[in-house]
Amino acid sequence: MKKFVLLNSPIFEDSRKENEQYLSPLGLGYIATYLEKANIDVILIDCVKEKKSKSDIVSFINGSYADYLGINIFTQNYNIVKYIIENISIKCKLFIGGQVVKSIYHEILKWNIKNELNIIIGEGEYIVPEIVLEKCKQKPELIQENKNVYRVNKKSIYFPDDISNIFLNRKYLGNELIINHYGEKEVAIITSRGCAFDCAFCGGAKSLNKDVKIRIRTEESVIEELEHIINLYPDVQSIRILDDLFLRNPESIAMANNIFSRFPKLGWRGMVHVLSLIKKIDKIKELKIGNCKELFIGIESGSELIRKKINKLGQPNDIVKVSQEILRCGIDLKGYFIYGFPDETEEDFQKTYKLALKLKTISQDMKGTFRVSVFQFRPYHGTQLYNEILKNRGIINECEFNQSISQFNGRSQFNFYSGNYSAESDEVLNEYIIKTQKLTEETL
């Protein structure tokens with residue numbers, strides 16, 4: 001039987017000991033599931049969870065027997081994955097994928113690789129097994145020496161058009177239960193693919209992905225997955241929904257309640273966009289019916305000028321109104337903030353900090369609690385801001401670890417940066433990142 005090794009690629013070059021915040025590699029889990037369905041022997045090694053360094057991984061691969069090796073790649077770990085792939089000495093066929101591949105495959109074609117490499121642009125669960133079995137009905141769109149480029153979009157016969165029918169065999173995720181910040185045992189799921197928004201800093205922006213479409217899972221398929229999770233983990237207490245479109249509009253609140261009212265022992269946490277709730281703010285209270293415990297909002301900036309530059313819809317006043325109602329209803333709120341956008345000034349920083357502080361202050365008199373997650377802006381390959389920076393400055397620095405902002409446990413993976421593109425010094429930028437992150441720990 002053919003053996004396929006899937007790797008969730010490492011974030012750090014070395015082996016880290018700290019306990020990082022962690023999410024299971026669901027995308028690779030789907031690929032593993034469909035490799036198994038094709039009678040291909042597959043294992044998934046989570047290099048992040050197992051804290052493996054790039055040298056550990058190369059030694060493991062070269063000391064093992066594998067017919068095929070698959071790995072994901074991100075802007076953050078481009079050089080790490082390149083090193084791993086270029087240092088494989090055993091003979092095997094290679095696969096590489098991930099959201100960023102669409103923008104960097106021309107660079108990957110330049111890598112010094114002896115083995116055959118299949119570059120997958122798009123979702124891989126249907127096409128990868130077919131390539132392995134040499135039954136693929138879709139020709140590569142590009143062949144360069146020993147490298148093949150396949151694109152899976154809505155024109156491809158391997159495009160997962162109905163994601164309600166895609167099953168995830170969670171055994172490939174190992175013991176995926178994490179302990180969330182409430183101290184509860186939690187499992188993550190995905191209920192949609194694609195994005196309706198066009199943020200200039202995001203690789204999932206709709207303008208960059210016109211060749212795919214938004215797909216929403218049915219209520220029945222989500223219920224079926226939750227039943228499967230409970231059977232696997234009878235002591236699970238919480239579900240984290242990772243995609244942005246579970247609460248895509250006020251009407252979807254009813255769907256959320258229909259799903260989770262069947263599981264009264266499960267709380268849940270998920271993303272929501274301000275615009276999804278601002279027009280029917282009175283419906284937020286209904287989320288408590290389905291035991292919604294916490295919502296996440298990508299606030300990013302409190303500066304209207306910056307929000308316009310990054311295509312972030314919704315005004316600061318909208319954020320305050322929606323956040324206040326979420327907190328008033330006894331639902332906790334986590335706000336994501338980003339400092340250091342191109343040409344951002346300290347005045348913009350101040351507006352972002354004041355907005356975060358205002359939400360923290362509001363929460364003091366509410367049933368719900370407010371916490372933050374703060375990042376330094378880094379440009380991701382292919383995004384609108386990446387291309388603008390490259391055009392204006394001619395260069396984008398490689399990702400490095402920013403030790404200056406690494407004061408908080410479990411956040412090392414978020415503290416990478418690719419240079420400071422704001423109008424302010426590193427010291428001023430770091431000051432705002434740190435003092436905003438501290439709002440989570442402070443009582444006003």
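User: What makes the sulfur of Cys329 unable to form a bond with the closest cysteine sulfur?

Analyst: Distance. In this predicted model, the closest cysteine sulfur to that of Cys329 is in Cys292, 10 Å away. A disulfide needs the two sulfur atoms within 2.5 Å. At 10 Å, the pair is too far apart for a bond.

User: Why is Cys329 called buried?

Analyst: Its relative accessible area is 11%. Buried means under 20%. So Cys329 counts as buried.

User: How do you know that Cys47 is too far from Cys92 for a bond?

Analyst: Cys92 holds the closest cysteine sulfur to that of Cys47, and the gap is 14 Å. The cut-off is 2.5 Å. Therefore the two are too far apart for a bond. Cys47 is also buried, at 2% relative accessibility.

User: How many disulfides does a search of the whole structure find?

Analyst: Zero. A disulfide is a covalent bond between the sulfur atoms of two cysteines.

User: Where does Asn115 lie, and why does Asn115 count as buried or exposed?

Analyst: Asn115 sits in the loop between helix 4 (101–108) and strand 5 (117–122). Its relative accessibility is 10%. The limit for buried is under 20%, so Asn115 counts as buried. Beyond residues up to four places away in sequence, Asn115 touches Ile88, Ile90, Lys91, Cys92, Leu94 and Asn146.

User: Why is Lys2 called partly exposed?

Analyst: Lys2 has a relative accessible area of 36%. Buried is under 20% and exposed is over 50%. The value falls in between, so Lys2 is partly exposed. Lys2 is found in the segment before strand 1 (3–8).

User: Which residues is Lys2 in contact with, leaving aside neighbours within four places in sequence?

Analyst: Ile40, Asp41, Asp67, Tyr68 and Val132. Take Tyr68: it is 66 residues from Lys2 in sequence, but the C-alpha atoms are 7.9 Å apart in space.

User: What makes strand 8 and strand 16 edge strands in the open sheet?

Analyst: The sheet has seven strands in the order 8-9-12-13-14-15-16, with mixed pairing. Strand 8 (178–179) and strand 16 (370–376) each have a single partner strand, so one side of each lacks a neighbour in the sheet.

User: How do you know that strand 15 pairs with strand 16?

Analyst: Pairing takes at least two bridges. Seven bridges join strand 15 (residues 332–339) to strand 16, and the two run parallel. In one of these pairings, Ile338 has Phe375 in strand 16 as its bridge partner. Helix 12 (residues 426–437) lies across both strands, at about 160 degrees to strand 16.

User: Why are helix 2 and helix 3 called roughly parallel?

Analyst: The axes of helix 2 (residues 54–62) and helix 3 (residues 78–86) cross at roughly 25 degrees. Angles under 35 degrees count as roughly parallel. Therefore this pair is roughly parallel. The axes come within 9 Å, and the crossing is right-handed. Lys54, Ser55, Ile57, Val58 and Ile61 in helix 2 meet Ile80, Tyr83 and Ile84 in helix 3.

User: What angle and axis distance describe the packing of helix 6 and helix 7?

Analyst: Helix 6 (residues 219–232) and helix 7 (residues 252–260) pack at about 35 degrees, with axes 10 Å apart. Helix 6 passes helix 7 in a right-handed crossing. Glu219, Val222, Ile223 and Leu226 in helix 6 meet Met255, Asn258, Ile259 and Phe260 in helix 7.

Conventions
Residues are numbered from 1 along each chain as its sequence is written. This is a predicted model: local features need pLDDT of at least 70, side-chain atom pairs count only at pLDDT 80 or more; totals for chains, interfaces and linings use all residues. Side-chain values use heavy atoms; hydrogens and water are left out. Buried means under 20% relative accessible area, exposed over 50%, partly exposed in between (1.4 Å probe, protein chains only). Helices (H or I, at least four residues) and strands (E, at least two) are DSSP runs, numbered from the N terminus. Contact means heavy atoms within 4.5 Å. Axes are lines fitted to C-alpha atoms, for helices over the stretch in contact, and angles run from 0 to 180 degrees between N-to-C directions. Angles under 35 degrees count as roughly parallel, over 145 as roughly antiparallel, 65 to 115 as roughly perpendicular and the rest as oblique. A crossing is left-handed if the near helix is turned anticlockwise from the far one by less than a right angle, and right-handed if clockwise.
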